[in-house]
Amino acid sequence: MTKQLKIVQITNRIPFPLNDGGNLATYNITKYLHQFGHNVILASLNTKKHYQNPIVLSTIATVYSTDINTQITLPGLLKSLFQKTPYNINRFVSSEFENLLEQIIKKHQPDIIQFEGIYLSIYASKIKKYSSAPLLLRSHNIEHEIWERTAQHEKNLIKRWYLKKLSKKIKKFESDNIPLFKAIVAITDRDAAFYKNNKFQGKLKTIPAGVDLESYHYIKKSNDYLSLCFLGSMEWMPNVQAIEWYIEKVWPTLIQKFPRLTLHIAGKGMSEEMKNRKIPGITFHGTVPDAGAFINEHDVMIVPLLSGGGMRLKIIEAMAIGCCVLSTTIGAEGIEAKENHEILLADSPEEFILKIESIISQKIQLKNISINAMNLVREKYTWEKLVREIEKFYLELT
């Protein structure tokens, strides 16, 4: 019988509802560790912006939380220019949460303390003073890369300057805090390489994110003509940047060549200005109640990301239900899908246009790619299999 572990999981928000990649990646680890018989104690900052009643996760974890307001303010941004720690991270500093963590860890005496993201390492040094349990980082992204890449494509000179400065501070913070951990679970091999290059001395393993297959079911498409979709949080700058680039650089040529082509854009946090835009062939949906149902309505999901990091769960979700994915190379990072077999790749406007032309002319067979993608997900990207790998890694640490 597998040893039952007590695991304190520290998060920067209560991972609910399940409407973005970060929440899904955190929630499913909690869910399956609990399902496998382990005792998960969730310690969460409960942000004003994403506030949740802790009871929503009470069936899969013992939940503790501290309320915090992480809203970005102009005075905070200006003050951060003269601070060592980046503003992104300072927003999560809470003496109340620090005290709560001490109480939780002293009460429960965990076998493992897992941090969901490097930003929360601001609490690691103090935890080490009263706990000998191994500290593990679940690395969702290499955070500085997101801002570094975003800066490269930012047109506003002041914003670009600020983002470059921010990325350098975050990179320094990441490098300084890596040694605090005994183990790191990276989400991609590329991310794992960053830790190796920073001479991380602990145990390092790559375990990607996945999907819960019970939530995703293939439905045969019945569109009269090719229908494209994009689904991603519009609160995340790389997604907004990606869509603006696609609308400006790719869409005018596509809609001129193929007037019946449609593109449906959805995502939480979409501004009213974006929702009300009138562009031939494009519909802006804002938040949709069911991501799987939305994806199922369309033939191809586009992922024109120019920046970002880690792994895009939306791609795995689309593959799981047989929606062909057309992504940039950056968008598809961390996913072991072969070009023209389980996924389509394009990195320039010309390549995106050529791929759509090939789909419409049936030079590319969507059905074959969809079937291959669904098989890939079942083989490598189910949460049940992935959390078993995490469980095994935890047991090796204790």
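A residue counts as buried here when its relative accessible area is under 20%. By that cut-off, 57% of the 398 residues of the protein chain are buried. The model is a predicted one.

Start with the whole chain. The protein chain has 16 helices and 13 strands. Its C-alpha trace spans about 65 × 55 × 40 Å along the principal axes. For 398 residues, a compact globule would have a radius of gyration near 21 Å, and the protein chain agrees, with 21 Å. Contacts reach across the sequence. Take those between residues at least 6 apart in sequence: 68% of them join residues at least 24 apart.

Next comes the surface. The accessible surface of the protein chain is about 18,200 Å². Carbon and sulfur atoms account for 51% of this area. The charged side chains number 51 positive and 40 negative. The centres of these two sets lie 4 Å apart.

Now go inside, to helix α13. This helix covers residues 313-320 and is mostly covered, with eight of its eight residues buried. The buried residues include Leu-313, Ile-315, Ile-316 and Met-319. Two residues with charged side chains, Lys-314 and Glu-317, are buried in α13 as well. What do the buried residues of α13 pack against? Their partners include helices α1 (21-35), α12 (291-296) and α15 (366-380). Strands β8 (227-231), β11 (300-303) and β12 (324-327) are partners too. Just after α13, Gly-322 takes a positive phi of about 75°.

Another acidic residue is Glu-391, in helix α16 (residues 383-397). Is Glu-391 buried or exposed? Its relative accessible area is 6%, under the 20% cut-off, so Glu-391 counts as buried. Leaving aside residues up to four places away in sequence, Glu-391 touches Thr-2, Phe-36 and His-38.

Leu-163 is a buried residue in another helix, α7 (residues 157-177). Its relative accessible area is 5%, so Leu-163 falls under the 20% cut-off. Leu-163 and Thr-150 are 13 residues apart in sequence, yet their C-alpha atoms are 7.5 Å apart in space. The two residues also touch. Beyond four places in sequence, the other residues that Leu-163 touches are Trp-147, Ala-151, Glu-154 and Met-237.

The aromatic rings give a further view. A pair of aromatic rings is described by the distance of the centres and the angle of the planes. The structure holds eight aromatic pairs. One of them joins Phe-16 and Tyr-27, with ring centres 6.4 Å apart and planes at 50°, so this pair is tilted. Phe-16 lies in the loop between β1 (6-11) and α1, while Tyr-27 lies in helix α1 itself, so the pair ties together parts that are 11 residues apart in sequence. The partners differ in cover: Phe-16 is partly exposed, at 26% relative accessible area, whereas Tyr-27 is buried, at 15%.

A second tilted pair is formed by Phe-92 and Tyr-119, at 6.4 Å centre to centre and 35° between the planes. Phe-92 sits in the loop between α3 (87-90) and α4 (95-108), and Tyr-119 in the loop between β4 (112-116) and α5 (124-128), so the pair ties together parts that are 27 residues apart in sequence. Phe-92 is buried, with a relative accessible area of 7%. Tyr-119 counts as buried too, at 12% relative accessibility. Elsewhere, Trp-245, Tyr-246 and Phe-352 form one aromatic cluster.

Finally, look at the backbone. Phe-16 returns here. A cis peptide bond joins Phe-16 to Pro-17, with omega about 0°. Pro-17 is in the loop between β1 and α1. Which residues other than glycine have a positive phi? Gln-109 is one of them, with phi near 50°. Gln-109 lies in the loop between α4 and β4. Lys-199 is another, with phi near 60°. Lys-199 is placed in the loop between α8 (189-197) and β7 (203-206). Lys-199 is exposed, with a relative accessible area of 63%.

Notes
Residues are numbered from 1 along each chain as its sequence is written. This is a predicted model: local features need pLDDT of at least 70, side-chain atom pairs count only at pLDDT 80 or more; totals for chains, interfaces and linings use all residues. Side-chain values use heavy atoms; hydrogens and water are left out. Helices (H or I, at least four residues) and strands (E, at least two) are DSSP runs, numbered from the N terminus. The radius of gyration is taken over C-alpha atoms; the globule rule is 2.2 Å times the number of residues to the power 0.38. Buried means under 20% relative accessible area, exposed over 50%, partly exposed in between (1.4 Å probe, protein chains only). Contact means heavy atoms within 4.5 Å. Accessible areas come from the Shrake-Rupley method with a 1.4 Å probe; for residues, only the protein chains shown count as cover. The place of a charge is taken as NZ of Lys, CZ of Arg, CG of Asp or CD of Glu. Rings of Phe, Tyr and Trp (its six-membered ring) pair if their centres lie within 6.5 Å; planes under 30 degrees apart count as stacked, over 60 as edge-to-face and the rest as tilted.
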